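User: I am new to this structure and would like to know what lies behind the terms used for it. Please take me through them step by step.

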Amino acid sequence: MTPLLHSDEVAHYRRHGWVVPRFRLGVDQVGRLREALDELLRRNPGVRPEKLVSAHIERDGGRVDNGEGVRGVAEFLALGRDRQIVDVVAAVLGDDLVLWGCHVFCKPALQGYETPWHQDGHYWPIRPLATCTAWVALEPSTRANGCLRVISGSQREQRLWPHLHEDRSDLTLNQRIVDDGIDMSKSVEIELEPGQMSLHDVYMVHGAAANTSAQRRTGVALRYMPSTSLFDRSLRPAQGKTGLAVDFAQRPLWLVKGVDRCGGNDFVTGH
Ligand SMILES: O=C(O)CCC(=O)C(=O)O
């Protein structure tokens with residue numbers, strides 16, 4: 001059987017820290033996800049659409065929030081458990097996989113927030129630190145509307161750079177990397193059509209420009225870790241500084257493939 005992530009794509013991910021697979025979602029699935037997005041936005045009129053944290057956690061049919069300030073929609077959980085996406089991610093992380101997060105980044109036309117250059121590892125309680133994000137486009141994601149951009153190869157040293165805290169309300173995230181020593185000329189804008197996705201490594205320096213165009217831009221970031229790592233609920237690496245209302249202590253985990261290799265992951269809390 002042809003693998004869903006081809007060997008040249010795996011090699012690209014290993015070398016550059018990101019890849020856009022040839023695999024993509026079909027039109028019908030994208031259509032269903034667009035309806036789920038409409039529902040998510042309807043359920044959360046008071047939440048900035050760039051900050052739809054844990055959008056996959058639906059409680060009581062969406063009538064109550066998920067403990068992180070968002071009324072989720074179950075269709076996004078189905079996406080995170082989608083066999084084909086899980087197999088794509090398994091090609092880079094291995095066959096024992098935990099889905100631990102899902103964030104819908106919807107940037108409205110004309111006034112979509114910037115996502116500053118950052119690394120995710122600073123504020124995630126995963127030890128050893130490891131995660132692959134599958135960023136699935138539900139709408140065209142282009143230079144004009146603030147597509148995801150990465151510093152290609154910035155994952156290679158497997159190190160975290162210092163970040164500055166920014167006290168601003170017009171950002172997706174209040175952390176910006178201190179970019180001394182980072183080769184910004186390696187920046188790549190990842191343009192995607194609806195149904196396409198990119199994968200990026202947890203050490204990747206990435207961000208996205210503000211959306212000042214007339215076209216909305218939405219991606220679903222699905223976060224997977226290998227089960228050889230522990231999701232350590234006692235850690236609070238974010239210290240409330242990211243501008244996002246995350247609650248890792250209560251965050252539910254799903255084993256989406258294989259077994260829990262480290263043996264300590266808790267698949268009960270939060271469910
Ligand atoms: O879509 C964006 O604007 C940012 C996405 C991001 O930072 C992530 O997926 O980790």
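User: What volume does the largest pocket have?

Analyst: In this predicted model, the largest pocket has a volume of about 190 Å³. Its lining includes His 16, Ile 151, Trp 161 and Lys 186, and by class the lining residues divide into 3 nonpolar, 5 polar and 4 charged.

User: What makes a space a cavity and not a pocket, and how many cavities of 30 Å³ or more does the structure hold?

Analyst: A cavity is a space where a 1.4 Å probe fits but cannot get out, whereas a pocket is open. The structure holds 2 cavities that reach the 30 Å³ mark. The largest cavity has a volume of about 200 Å³, and of the 20 residues that line it, His 103, Tyr 123, Trp 124, Arg 223 and Leu 244 are the closest to its centre. Strand S3 (97-107) gives the largest share of this lining, with 5 residues, and the lining as a whole has 10 nonpolar, 7 polar and 3 charged residues.

User: Which residues are closest to the centre of the second largest cavity?

Analyst: The second largest cavity holds about 110 Å³ of space, and of its 13 lining residues, Phe 105, Thr 115, Trp 135, Leu 148 and His 206 are the closest to the centre. Strand S12 (206-208) supplies the largest share of this lining, with 3 residues, and by class the lining has 4 nonpolar, 5 polar and 4 charged residues.

User: How do you know that Thr 115 and Arg 217 make polar contacts with the ligand?

Analyst: A polar contact is a pair of N or O atoms within 3.5 Å. A polar side-chain atom of Thr 115 lies 2.7 Å from an oxygen atom of the ligand, and for Arg 217 the corresponding distance is 2.8 Å, so both pairs meet the cut-off. Asp 120 also meets it, with a polar side-chain atom 3.3 Å from a ligand oxygen. The protein covers 99% of the 290 Å² of accessible area that the ligand has on its own.

User: Why is Ser 54 called buried, and what is Gln 158 called?

Analyst: Buried means under 20% relative accessible area, and Ser 54, with 1%, is therefore buried. Gln 158 has a relative accessible area of 47%, and because partly exposed covers the range between 20% and 50%, Gln 158 is called partly exposed. Ser 54 is found in the loop between strand S2 (52-53) and helix H3 (74-80), with a positive phi near 55° in a residue other than glycine. Gln 158 is found in the loop between strand S7 (148-151) and strand S8 (163-165), and although it is not a glycine, its phi is positive, at about 55°.

User: What makes Asp 82 a cap of helix H4, and which residue follows the helix?

Analyst: A side-chain oxygen of Asp 82 lies 2.9 Å from the backbone nitrogen of Gln 84, and in this way Asp 82 caps the N-terminal end of H4. H4 is followed by Gly 94, whose phi is positive, near 100°. Among the buried residues of H4 (residues 83-93) are Ile 85, Val 88, Val 89 and Val 92.

User: What kind of peptide bond joins Arg 127 to Pro 128?

Analyst: The bond from Arg 127 to Pro 128 is cis, with omega near -15°. Pro 128 lies in the loop between strand S5 (126-127) and strand S6 (132-137).

Conventions
Residues numbered from 1 in each chain as written. Predicted model: local features only at pLDDT ≥ 70, side-chain atom pairs only at ≥ 80, totals over all residues. Heavy atoms only, no water. Buried < 20%, exposed > 50% of the residue type's maximum accessible area, 1.4 Å probe, protein only. Helix = DSSP H or I, 4+ residues; strand = E, 2+ residues; numbered from the N terminus. Polar contact = N/O pair within 3.5 Å; in protein donor to acceptor, adjacent residues only side chain to side chain. 1 Å grid on protein atoms, 1.4 Å probe; cavity = no way out; pocket = protein on both sides within 12 Å on 5 of 7 lines; lining within 4 Å. Points joined across faces, edges and corners; volume = space filled by probe spheres on them. Nonpolar A, V, L, I, M, F, W, Y, C, P; charged D, E, K, R; others polar. Areas by Shrake-Rupley, 256 points an atom, 1.4 Å probe, with all protein chains shown as cover.
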